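Colleague: Please take a close look at one part of this model, the pockets and what lies around them. A connected account would suit me better than a list.

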Amino acid sequence: MDVRNAFLHGDLTETVYMKQPAGFIDKDHPDHVCLLHKSLYGLKQALRAWFDKFSNFLLEFGFFCSIPDPSLFICAKNNDVIFLLLYVDDMVITGNPSALLNSLLEELNKQFWMKDLGQLHYFLGIQAHFHPGSLFLSQQKYAEDLLITAAMANCSPVATPLPQQLSKAPNHHKLFDNPKYFRSLAGKLQYLTLTRPDVQFSVNYVCQKMHASTVSDFQLLKRIL
């Protein structure tokens with residue numbers, strides 16, 4: 001599900017003033033400013049105010065926050081259980097079909113302007129494919145987009161993500177001239193390991209080189225791609 005205009009729901013707990021917006025300026029008091037009670041898009045407080053608003057709603061409903069992951073909320077009553085995973089204004093909800101789940105959906109639509117996107121297919125770069133009795137998660141589109149970003153979509157694949165003799169790699173002392181680009185690709189690869197544990201060791205190895213990456217390190221990163 002998606003919350004429309006999510007940040008506009010947030011209540012501000014601190015004093016914030018704003019200039020009168022163009023087209024809505026008071027002709028009698030053009031120098032006055034607006035005292036905000038609700039958050040607006042662009043405010044640095046907007047994200048925190050929205051999360052406080054939504055999380056308080058969930059806690060009042062009966063959810064508790066997961067300790068390992070603060071964005072995961074769990075509600076368990078009798079034999080019913082609901083899991084809600086929140087990312088800014090997008091959420092994934094799952095649970096056993098029950099009156100409790102129906103009640104949650106009704107309350108969400110009462111409190112917020114919700115958009116039901118139907119069955120889960122794509123969330124945060126992860127694709128979900130439903131099969132009888134199972135759910136398959138992959139990042140095929142994410143990986144393809146990453147190859148396009150790195151201009152390597154047409155390159156030939158290799159069987160091993162790292163060479164066997166790392167110490168003999170050439171240019172292992174020459175610093176790479178675009179460290180920001182290196183860190184960006186390495187970070188994207190790190191997210192790919194959620195569904196690709198087979199490259200986890202290799203990605204972890206190149207991520208250790210982000211503070212002072214060399215030309216050799218960049219070649220290793222390209223090999224993983």
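Modeller: The largest pocket encloses about 830 Å³ of space, in a model that is predicted. Its lining is made up of 29 residues, and those closest to the centre are Met-91, Val-92, Ile-93, Leu-120 and Phe-123. Two or more lining residues come from each of strand 6 (80-87), strand 7 (90-95), helix 2 (99-111), strand 9, strand 10 and strand 11 (134-138). Strand 7 contributes the most, with six residues. Sorted by class, the lining of the largest pocket holds 22 nonpolar residues, five polar ones and two charged ones.

Three of the contributing elements, strand 9, strand 10 and strand 11, also belong together in an open sheet. That sheet has three strands in the order 9-10-11, and the pairing is antiparallel. Strand 9 and strand 11 are the edge strands, each pairing on one side only. Between strand 10 and strand 11 the antiparallel pairing runs over five bridges. One bridge joins His-131 to Ser-134, the latter in strand 11.

The loop between strand 9 (122-123) and strand 10 (126-131) is where Gly-125 sits. Is Gly-125 buried or exposed? Its relative accessibility is 8%, and because the cut-off for buried is under 20%, Gly-125 counts as buried. Beyond its neighbours within four places in sequence, Gly-125 is in contact with Ser-138, Gln-139 and Tyr-142. Of these partners, Ser-138 falls within the range of strand 11 (134-138), and Tyr-142 falls within that of helix 3 (140-149). His-37, by contrast, is 88 residues from Gly-125 in sequence, and the C-alpha to C-alpha distance between the two is 35 Å.

Helix 3 leads on to the other pocket. The second largest pocket has a volume of about 500 Å³. It is lined by 21 residues, of which Leu-147, Arg-196, Arg-223, Ile-224 and Leu-225 are the closest to its centre. Helix 3 (140-149), helix 4 (179-192) and helix 6 (215-224) supply at least two lining residues each. By class, the lining of the second largest pocket comprises 15 nonpolar, two polar and four charged residues. Two of the residues closest to the centre of this second pocket, Arg-196 and Arg-223, are of the charged class.

Terms used. Residues numbered from 1 in each chain as written. Predicted model: local features only at pLDDT ≥ 70, side-chain atom pairs only at ≥ 80, totals over all residues. Heavy atoms only, no water. Helix = DSSP H or I, 4+ residues; strand = E, 2+ residues; numbered from the N terminus. Buried < 20%, exposed > 50% of the residue type's maximum accessible area, 1.4 Å probe, protein only. Contact = heavy atoms within 4.5 Å. 1 Å grid on protein atoms, 1.4 Å probe; cavity = no way out; pocket = protein on both sides within 12 Å on 5 of 7 lines; lining within 4 Å. Points joined across faces, edges and corners; volume = space filled by probe spheres on them. Pairing = 2+ DSSP bridges.
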